[in-house]
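Reader: I've got this one open on my screen and I'd like a close look at a single part of it. Pick one residue, tell me how it sits, and then walk me outward from there.

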Amino acid sequence: MSETGRSIQRAHSPAVSAAKARRWGSLYYAEHWLRVLAKYGWSVFLYSVAQPVAYLLAMGVGLASLVDANGSAAFGGVGYLAFVAPALVVSAAVMTASGEFSYPVMDGFKWRRVYYGPHASPLAPEQIATGHILACGLRILLQSLAYFAIVVMFGAAPGPWGWLTAVVGTVSGLAFGLPLMAYAASLTKDSGQFALVQRFIVVPLFLFSGTFFPLDSLPLAVRWIGWISPVWHGTELGRVFSYGMEESPLLTLAHVVFLIVATVAGWILTRRRFVVRMGA
Amino acid sequence: MLGKRNGSETLLPENAWRLFHAFQGSTSVLKVHNEAIRSASTSARFPMNSSAVISAENLTKTYGDLVAVNAISFEVTAGESFGLLGPNGAGKSTTMKMIGGVTQRTSGRLSILGLDPESNGPEVRAHLGVVPQQDNLDEELKVRDNLLVYGRYFGLPMSYLRPKADELLAFAQLTDKATSRVDALSGGMKRRLTIARSLINEPRILLLDEPTTGLDPQARHTLWDRLFRLKEQGVTLILTTHYMDEAEQLCDRLIVVDKGRIMAEGTPASLIRQYSTREVLELRFGSERNSSIASHLEGIGERLEVLPDRVLVYSYDGEESLEQVSARGLRPLTSLVRRSTLEDVFLRLTGRSLVD
């Protein structure tokens, strides 16, 4: 077929392009995003492995030996490492999400304007938003799975449903990341807002979401931070799956509902912001 | 391809036919098919020139109180090179964005190959190649990967895209840069890569928004050469520019736009014939004296234009006019006789220069 003459295939018709883009457009943009991510494959991989190893060593070998010496009653009868591991998986996912759904959105609209390339193609603005979300969601899921695998190697996930912690981590990342993405899509310039989000939202959520100690041990004045925190809801859910933490089924359901509502609301808002910003 | 067949029938029934045969059995495609048929009946209500690929009627775009595009009407035929010439802020880019289906019009009618970009955005954009005013290449990807990734937006398979990307890199004279990083390219190379990217889906209509702004003269000539080749291949070019030399080089026909309105329409030569004289005598008396001396030039040539830095004498014979100036005892610091350009047309129409 390619020996002589017409060696170069023709493009399919514009109508076919449009029909394919209408159906698969989000995936096409996700593919672009993943190709870019692949360029940073090694650093993404090292980040996904080195960070868990460092945290688990510090917590498992260092802190846990002190904590466990006082008995495990405060942590529901499990070792400190098992208690803290789901929190670490969820927190890492939320931190990655806070990076992936903030600066790159600004980059897409303003700095290098990468969203405007696909905008001129058959893709629609909401597909560009969803493609970005799908690709970053996949990245967070892979990272969480890697994290969980390392948790298993440290012997910190006793239950059979522990792997669900990686899924919970991913959803927690989206529950935090998508409302942030909607906000990022509404910003026309970055005058330090993302740095403020990191310092005054992400870090407090990490510290006050029952990550290193049960939320109940905090005074009410700060305990509410946990209740509105995707990190707390994700962490508690992760503990239920990872080692069967005792919890009222109603509260478990509340965690699931909270995470899903925040994710879906963030997704809808983001799509809307993209359409408004690119379609005017 | 659609645009080239200009029989007596409009383009859409054929489009619909192609869709139908390409996609029998696919439900999402039947929807598109129906939309195409609906658009076909719309175009029947607004009969247009059978070979027009773009047709705009009273096209208007307002942003709050600002009227960016004010009831402009024009048609572009298949294979034509059509220009929008005007200064910054004239409404050229807004018009291009409406044609490209990324900005919705406020009122008026717009049809691209019989499709309304408002309701059939993806279908319209699938027909187009777009070269935006600001480069938006992905600088994190290599040169060739930018083409591949862009082709995927059209759902094109890699078996098509790989050889096509190489062919386009050769066309854009970037073959030896295929594996370079985009940020290592010069401004002219980036523009050529953007043009190559816009051709990945083999569009029959190419939209170019200020294609050579910011490039050095040599890079501009290289780019014009490439665009001219596309024109020879029958690609319909629609370009905006505020450079009159670019409009003269590339456009078969153009509209002169200012403040959202069409000031004039025609071929470059006809516009010059209609709004200017064959030659122009440029005289400089020094910035202090230009306007005071102008009164002494009355009666020379057809018309005078006094600019801060020079006086323009519009004349059918520039040399003769220069002799008349000398005969009146006036001694300009410099004098120059040149042919009229679209710049003179614009000056005549608006009283302002294109670039300032």
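Author: First, a bit of vocabulary: a residue is buried if 20 or more other C-beta atoms lie within 10 Å of its own, exposed if 12 or fewer, and partly exposed in between, with C-beta atoms placed from the backbone. This is a predicted model, where local features need pLDDT of at least 70, side-chain atom pairs count only at pLDDT 80 or more, and totals for chains, interfaces and linings use all residues. Residues are numbered from 1 along each chain as its sequence is written, while chains are lettered from A and ligands numbered from 1 in the order in which they are written.

Let's take Glu140(B), which counts as partly exposed because it has 18 C-beta neighbours inside 10 Å. You'll find Glu140(B) in the loop between strand 5 (128-131) and helix 5 (143-152) of chain B; helices (H or I, at least four residues) and strands (E, at least two) are DSSP runs, numbered from the N terminus. Leaving out residues up to four places away in sequence, Glu140(B) touches Val36(A) and Lys39(A), where contact means that the C-beta atoms, placed from the backbone, lie within 7 Å. Glu282(B) is 142 residues away from Glu140(B) in sequence, and their C-alpha atoms are 49 Å apart.

Now step back to the chain contact. Chain A puts in 38 residues and chain B 41. On chain A's side, helix 1 (14-39), helix 5 (116-119) and helix 11 (249-279) each give two or more residues, and helix 1 of chain A gives the most, 17. By class, that side has 20 nonpolar, 9 polar and 9 charged residues. Here Ala, Val, Leu, Ile, Met, Phe, Trp, Tyr, Cys and Pro count as nonpolar, Asp, Glu, Lys and Arg as charged, and the others, Gly among them, as polar.

Next, the nonpolar cores, each a set of buried Ala, Val, Leu, Ile, Met, Phe, Trp, Tyr and Cys residues joined through C-beta atoms within 7 Å. The largest has 156 residues, and those with the most contacts inside it include Ala85(A), Val151(A) and Leu237(B). Helix 3 (residues 80-100) of chain A supplies its largest share, 15 residues. Apart from that core lies another of 12 residues, among them Phe285(B) and Leu297(B). As for Leu237(B), its contacts beyond four places in sequence include Ser81(B), Phe82(B), Lys231(B) and Leu250(B).

Key
Contact = placed C-beta atoms within 7 Å.
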